[in-house]
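I opened the model to look up a handful of residues and the overall build. My entries follow in the order in which I made them.

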Amino acid sequence: MGIVAGLDSSPDFTRIVVCDADSGAVLKQGYAPHPLESGEGGGRPADVDPQAWLLSLGEAAGGGLLEGVQAIGVSAQQNALVPLDSQGNTVRPAMPGGDKRTQAAAADLIDRLGGREAWAQAVGCVPQAMHPVTKLRWLARNEPEAAQRVALVLQAHDWLVWQLLGRPSRRTTDRGGASGTGYWSAASGSYRPDLVELALGHQAMLPEVLGPGDAAGTTPEGLIISAGTGETMAAAFGLGVRQGDVVVSLGASGSVMAVHHEALADPSGMITSLADATGMHLPVVHTLNAVRALRGTADMLGLSGIEELSDLAMKSTPGSHGLVLLPYLEGEKTPNLPHTAGTLSGLRRESMKPEHLARAAFEGMLCGLGDAMDVLRARGVEVRRIFLLGAAAELPAVQAAAPMLFGTQVVVPQPADYAALGAARQAAWALNGQLPQWQGAAAQVLEPGEELPVGQAVRQQFTAVREQTHPGAFDSVGA
């Protein structure tokens, strides 16, 4: 019984959903953009004052949105580092997730511990520019005076939970958020403070890691605040994914994430071993090229966008008349080919038509994500059904090709605020003391059907070109 709220503080805005704690039915919603100044070139700023997140939260909750709410869950952008001094004040502005300044610091950390395999064994992930441990290293190298003042390290959802509770002496996080830091191991369920010291140059306090259904605390008014979690974990919880489910996200880059019963240590570094919001694990494999390959092909063909590209691709047939696009336009992470370029193979007079290139772009993107999925399969991850997320998931060319290429049922959820819903579900857990059995996401279900053998042939065609062009690129998978 009761009413709960979930808030999602993304890089650009705050969304709030107010839900019935028993059914998950959405009763009210709120939204507000973050009051942020644009960064260089008009993009997101490299540094953010965390107060902007609070201002946005207050605006989104305006008009009495939270009246009657008994518990709140907090989801927030992952990997946003909030360094605090011994008084709990920010040493410098927060460093959001995507921060290219720290790429050299990531390479430095990898070398300092003894290589990629050492990191994968230690914490389940290899440092990248986005990870908080990498940002700590960047601080130590580039802002040493600020680094010396860092006494406590939080992430965005940790900081917001702490603020909602009135800045108590106890600071908390959850398994999901902690697993993306680079200094907490999902396999052992414990921090590696030595890695904080390796990065920052000295020890710092870290938040207590709460269990999935735990509450971080209660406000003086009696409002329960749940543990909170990162956006990825909250979205998975909001979708209702379970073991055997895989989530494929189609952004400019792509990701393949599965629910699994154990953490996976991957010496190749292709798998990032995250924890979820329920006590399970979320191994993730990233690709650098997903929708960006579609946009690049649309530009090449002089089309207005990927919607027009999809319409054109539907005039072709599976296999694109022999055209194969290896969509490694920005280099690639899976397989690890950081300095390569894309490849277009199979050019013949009969295949050199715009519709076949359009189809090859969609098949190349999906086959690349299929390769990422196979990295997980090779480690024993079960794949029964696939949730396909992102605006591109609605395109007819994606929906026509995905089931046959992935070889299993594909679920395309209706657009919703799944991270906020996941945060609300976590709040209901903290309120009632048991995992709420909310109905899963409303979705369109696509089956491979009779086209499964055709899809397998297209995958084999893609694999043959990839092996010929980049032999042995996946030799370390499953090792």
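I count a contact, or touch, when heavy atoms lie within 4.5 Å. This is a predicted model, in which local features need pLDDT of at least 70 and side-chain atom pairs count only at pLDDT 80 or more, while totals for chains, interfaces and linings use all residues. Residues are numbered from 1 along each chain as its sequence is written, and side-chain values use heavy atoms, with hydrogens and water left out.

**Entry: S185**

I looked up S185 and found it in strand β8, residues 184-185. Helices (H or I, at least four residues) and strands (E, at least two) are DSSP runs, numbered from the N terminus. Leaving out residues up to four places away in sequence, S185 touches A122, V123 and S190. For burial I use relative accessible area: buried is under 20%, exposed is over 50%, and partly exposed is in between, with a 1.4 Å probe and protein chains only. S185 has 5%, so S185 is buried.

**Entry: the whole protein**

I noted 15 helices and 22 strands for the protein. The C-alpha atoms fill a box of roughly 70 × 50 × 45 Å along the principal axes. I then checked the radius of gyration, which is taken over C-alpha atoms; the globule rule is 2.2 Å times the number of residues to the power 0.38. For 479 residues a compact globule would have a value near 23 Å, and the protein agrees with this at 22 Å.

Of the 479 residues, 57% are buried. Among contacts between residues at least 6 apart in sequence, 72% join residues at least 24 apart. The accessible surface is about 18,700 Å², and carbon and sulfur atoms account for 49% of it. Accessible areas come from the Shrake-Rupley method with a 1.4 Å probe, and for residues only the protein chains shown count as cover.

**Entry: nonpolar cores**

I define a nonpolar core as a set of buried Ala, Val, Leu, Ile, Met, Phe, Trp, Tyr and Cys residues joined through side-chain atoms within 4.5 Å. Which members of the largest core touch the most other members? They are V248, L250, L388 and F406, in a core of 59 residues. Helix α12 (residues 354-377) gives the largest share of this core, with 13 residues. Another core lies apart from it and has 33 residues, among them A71, A235, A419 and A427.

I listed the contacts of V248, not counting residues up to four places away in sequence: S255, V256, L369, M373, I386, F387, L388 and L389.

**Entry: helix α13**

Is helix α13 (residues 396-406) largely enclosed or open? In this helix 9 of the 11 residues are buried, so α13 is largely enclosed by the rest of the structure. The buried residues are A397, V398, Q399, A401, A402, P403, M404, L405 and F406. G407 follows α13 and has a positive phi, near 75 degrees.

I took A397 of α13 as one residue to follow. A397 has a relative accessible area of 3% and is therefore buried. Outside its neighbours up to four places away in sequence, A397 touches S310, A313, M314 and F362. I also checked A397 against E355, 42 residues apart along the chain, and their C-alpha atoms are separated by 11 Å.

**Entry: L66 and H470**

I placed L66 in the loop between α1 (51-60) and β4 (71-76). L66 counts as partly exposed because its relative accessibility is 29%. Beyond four places in sequence, L66 touches A5, I16, V18, A61 and I72. L66 and I3 are 63 residues apart along the chain, and their C-alpha atoms are separated by 9.3 Å.

H470 sits in the segment after α15 (452-469). H470 is buried, at 12% relative accessible area. Its contacts, leaving aside neighbours within four places in sequence, are L326, Y328, L337 and T340.

**Entry: backbone notes**

I found a cis peptide bond between T334 and P335, with omega about 5 degrees. P335 is in the loop between β18 (324-326) and β19 (343-345).

N79 is not a glycine, yet has a positive phi of about 70 degrees. I placed N79 in the loop between β4 and β5 (81-84), and N79 is buried at 8% relative accessible area. H321 is not a glycine either and has a positive phi of about 55 degrees. H321 lies in the loop between α11 (306-313) and β18, and at 42% relative accessibility H321 counts as partly exposed.
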